[in-house]
Amino acid sequence: MKKDHKPAGPSQRMLRVGELVRHALAALFARGEIEDEALRGAVVTVPEVRMTPDLKIANAYVMPLGGAHADEIAAALNRHRKFVRGRIAPQIDLKFAPEIRFFVDETFEEAGRIDALLRSDRVKRDLEDDSEDPNEG
């Protein structure tokens, strides 16, 4: 009897294609080819691109340098996603270019929250209590 086994995470192909799309997007943004007032002068990074299993949709997570106006920039990129798709299609070796959707990358904000938590007095106090072992000495 054969069990259906689904992988826990993305496949190697999904990861590889996501990286291809990420590099193509980063190069496009660096060239400044998208004409939009919201993007003028903005330096946009692409920390991650997640592909759907069928490789038809690329969810691109973007963050402007400094994090200012991130929602506006993601909205502007979504307005121009057909143009972006046409520009990156020749750079990725796929039968069909994926539809691209842009989202604000929240991982930096989340990392900042975790860092702030770890630096809080309450956590420091708990760590100090653990280091003072009453059985030592």
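**Notebook: a first walk through the fold**

I began with strand 3 (residues 99–104), whose side chains alternate: Ile100, Phe102 and Val104 point to one face and are buried, while Glu99, Arg101 and Phe103 point to the other and are not. For me, buried means under 20% relative accessible area and exposed over 50%, with partly exposed in between (1.4 Å probe, protein chains only). Helices (H or I, at least four residues) and strands (E, at least two) are DSSP runs, numbered from the N terminus.

A note on what I am looking at: this is a predicted model, where local features need pLDDT of at least 70 and side-chain atom pairs count only at pLDDT 80 or more, while totals for chains, interfaces and linings use all residues. Residues are numbered from 1 along each chain as its sequence is written, and side-chain values use heavy atoms, with hydrogens and water left out.

**Strand 3 and its partner**

I looked for the neighbour of strand 3 and found that strand 2 pairs with it in the parallel sense over 6 bridges. Two strands pair if DSSP finds at least two bridges between them. Val62 has Val104 of strand 3 as its bridge partner.

**The whole chain**

Next I stepped back and counted 5 helices and 3 strands in the protein chain. Read from the N terminus, their order is α-β-β-α-α-β-α-α. Of the 137 residues, 28% count as buried.

**The core**

Which residues have the most contacts inside the largest nonpolar core? I found Val21, Leu25, Phe29, Leu77 and Phe102, in a core of 29 residues. Helix 1 (12–31), strand 1, strand 2, helix 2, helix 3 (81–88) and strand 3 each give two or more residues to this core. Helix 1 supplies the largest share, 7 residues. A nonpolar core here is a set of buried Ala, Val, Leu, Ile, Met, Phe, Trp, Tyr and Cys residues joined through side-chain atoms within 4.5 Å.

I then followed Phe29, which touches Ile34, Val44, Val46, Val62, Leu77 and Phe102, leaving aside residues up to four places away in sequence. Contact means heavy atoms within 4.5 Å.

**Two loop residues**

Most residues other than glycine have a negative phi. I noted Leu55, which is not a glycine yet has a positive phi of about 65 degrees. Leu55 sits in the loop between strand 1 (44–51) and strand 2 (57–64), and is buried at 9% relative accessible area.

His69 also caught my eye, with a positive phi of about 60 degrees. His69 lies in the loop between strand 2 and helix 2 (70–79). Is His69 buried or exposed? At 54% relative accessibility, His69 counts as exposed.
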